[in-house]
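Hi everyone, thanks for coming. I'd like to walk you through a structure today, one piece at a time. Have a look at it first, and then we'll start.

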Amino acid sequence: MKKSVVIIGGGLGGLFTGAILAKEGLQVTVLEKNSTAGGGLQTFKRFGCEFDTGMHVVCGMQKGGNIRKICKYLGIEDKINVLQSPDRLYVGYDGEFYDIAATKDGFVDSLSKYFPEERENLRTYVNALFNITDKIDLYNLRPTEQFSGMDFFSSTDDFMLPADVFIAKYLDNSKLRSIVAYTNTLYGGRAGKTPAYVHAIISVSFINGIVRFEDTSRGFKDLLVSVITENGGRVLTNAKVEKIVTENKNAICAKTQNGDYYADLYISDIHPCSLLQILDNEAFPKSYKNRLESIPNSFSAFLLYIKLKKNAFKYLDRNEYFMTNLAKVWDFGYTFEDWPLGFLFMTPPQKNQGEYADTALVTAPMPFDVVRKWENTTSGNRGKGYEDFKAQQTKKILSRLEKIHPGFADCIENICSSTPLTIRDFYNVKEGSLFGFSKDCGNIILSQIPVFTKIKNLLLTGQNVNLHGFCGVPLTAVMTSEAILGGNYITNKLCKI
Ligand SMILES: Cc1cc2nc3c(=O)[nH]c(=O)nc-3n(C[C@H](O)[C@H](O)[C@H](O)COP(=O)(O)OP(=O)(O)OC[C@H]3O[C@@H](n4cnc5c(N)ncnc54)[C@H](O)[C@@H]3O)c2cc1C
């Protein structure tokens, strides 16, 4: 008899975990609350254009990349459409910018052009980054000696240093120290708290080469769904799990409005604090619940989705990061005058991309507190004050964009925005957090959430275990699958690919 598994949440983690388990012969049912599956891979249509919601730059998918290997094992590698894209960092308002190239040599050479006296330090810094990631078995898809179902682990000296201290250990120039932290918008690092290994995984993944999905992330989501369905599983949408019934520390069924789903095993791909809300009160011990509630979450964001006028703005094959103040690279606070301190700007590639871009996208970190006064309102009914707030923030971002791309405002045909409230409601994630639980090297145990829970047949997957994003979530899917199939069961196969 095939073991059956119900996965709560059809996001990046739910689909990767479902695809692996379906391929390995389990009977998989994925329950997704939204009208389409995908979570961070979901897209939406507005003004006749399709926009990505939560997957704009993608790591590990370059030729030979670790996540690409998982796709090869799933049999979908040949169908993936991605384009490699370099990074440019703009600093301040005077048009000063830094082009940052991929590959170890490319990274060192590109930054040495601006900081020739730091060339040797840059080389040592890059080697130190790779030294951290080289030792993490899961990141390298290597079998591990002791399967713990826990966070990434390595015993290098630098692993647990705060990321800012790690950078300062290798680089002398304070400006360069901030510049190499430019990817912080994509992990929400905090000075003195975020462990160096988080910075190293993101940085090494960037140095190995960033890609973007051609024609949105929908195609990739469809590929993961197809692995599940072609192996006898199903992905059900409009299927919000409202309760997980438990008995004697066992999950019995997942209840939705349209029916109850029974299985041998249950896997939660939703934020652990959202999971608490659908579990019986006594399912988890109070101490575990308090712990989950007390872990700080990464920031949220304000996003702009822009339809451009025809043949008005040239397509950019690079990702552009903007920082107003290098000294605040670790700061994601909000003051009315200063915000946004930084953002990511891009023109996503379409199929057969021509000279001009059809759409543009801005992601600007924003703490949830900024919109807290509307937290009890619902979408479409948040009132004029909220609409005015959105218009004000949009104006601020556009005025900053105008500094790096003069005339950009005239190229806009239509524009809409989303706030931390949109993100909270869309993904059902606490405080609209982009990347889930934040790590703190002063208290790493607090944020180390194992895939196992106090309920024997309920496991976790997704961004709150290990690491968020495209470089973290599929690796957790491997770990969650191995918690069911046996330690190293998948990695033994992956390392032969
Ligand atoms: C705006 C934004 C931009 C981002 N940009 C990037 C990027 O460029 N690159 C990158 O690598 N990462 C990016 N991320 C992070 C990335 O999207 C996440 O790390 C990743 O999607 C997390 O995967 P997950 O499976 O844990 O959660 P999700 O992908 O969020 O999936 C959770 C799923 O569970 C569903 N769900 C919730 N509650 C229930 C319920 N009760 N019943 C049924 N279903 C439920 C949700 O609808 C969702 O589909 C971004 C995130 C956001 C929000």
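Before anything else, one term: two strands pair if DSSP finds at least two bridges between them. Please also keep in mind that this is a predicted model.

With that term in hand, let's start at strand S15, residues 319-323. S15 and S16 are joined by 4 bridges and run antiparallel. If you want a pair to look for on screen, find Glu320, whose bridge partner in S16 is Phe345. S15 also pairs with strand S6, residues 87-91, but here the two run parallel, with 5 bridges. Tyr90 has Phe322 of S15 as its bridge partner. As for how covered this strand is, 4 of the 5 residues of S15 are buried.

Now let's step along to the next neighbour. Strand S16, residues 342-346, pairs with S17 through 3 bridges, in the antiparallel sense. One partnership there is Met346 with Leu361 of S17. S17 itself covers residues 359-366, and 7 of its 8 residues are buried. S17 then pairs with S14, again antiparallel, over 8 bridges. You can spot Ala301 opposite Pro365 of S17. For the newcomers, a word on what holds such partners: strands of a sheet pair through backbone hydrogen bonds, either parallel or antiparallel.

Next, a sheet with parallel pairing. In what order do its 5 strands come? The order is S9-S2-S1-S13-S19, and the sheet is open. Its edge strands are S9, residues 234-236, and S19, residues 458-460, and each of them pairs on one side only. On average, neighbouring strands in this sheet are turned by 20 degrees against each other, ignoring direction. Looking at the S19 side, strand S13, residues 265-268, is joined to S19 by 3 bridges, and Tyr266 stands opposite Leu458 of S19. Over at S9, helix H8, residues 218-230, lies across S2 and S9, and runs at about 125 degrees to S9.

Let's turn to a helix. H1 spans residues 12-23 and reaches 17 Å from its first C-alpha to its last, close to the expected 16 Å. Is H1 mostly covered or mostly open? Mostly covered: 11 of its 12 residues are buried, including Leu12, Phe16 and Ile20. Just after H1 comes Gly25, with a positive phi of about 100 degrees.

H1 brings us to the ligand. The shell around the ligand has 38 residues, and the closest are Gly9, Gly11, Gly39, Gly40 and Gly462. Elements giving two or more residues to this shell are H1, H9, S14, H12 and H14. By class, the shell holds 17 nonpolar, 17 polar and 4 charged residues.

One last stop: Asn464, in the loop between S19 and helix H14. Why does Asn464 count as buried? The cut-off is 20 or more other C-beta atoms within 10 Å. Asn464 has 30 of them within 10 Å, so it is buried. Leaving aside neighbours within four places in sequence, Asn464 is in contact with His271, Pro272, Gly436, Phe437 and Ile449. Thr419, on the other hand, is 45 residues from Asn464 in sequence and 21 Å from it in space, C-alpha to C-alpha.

That's my tour, thanks for listening!

Key
Residues are numbered from 1 along each chain as its sequence is written. This is a predicted model: local features need pLDDT of at least 70, side-chain atom pairs count only at pLDDT 80 or more; totals for chains, interfaces and linings use all residues. Axes are lines fitted to C-alpha atoms, for helices over the stretch in contact, and angles run from 0 to 180 degrees between N-to-C directions. Two residues are in contact if their C-beta atoms, placed from the backbone, lie within 7 Å. The expected span of a helix is 1.5 Å times one less than its number of residues. A residue is near a molecule or strand if its C-beta atom, placed from the backbone, lies within 6 Å of it. Ala, Val, Leu, Ile, Met, Phe, Trp, Tyr, Cys and Pro count as nonpolar, Asp, Glu, Lys and Arg as charged, and the others, Gly among them, as polar.
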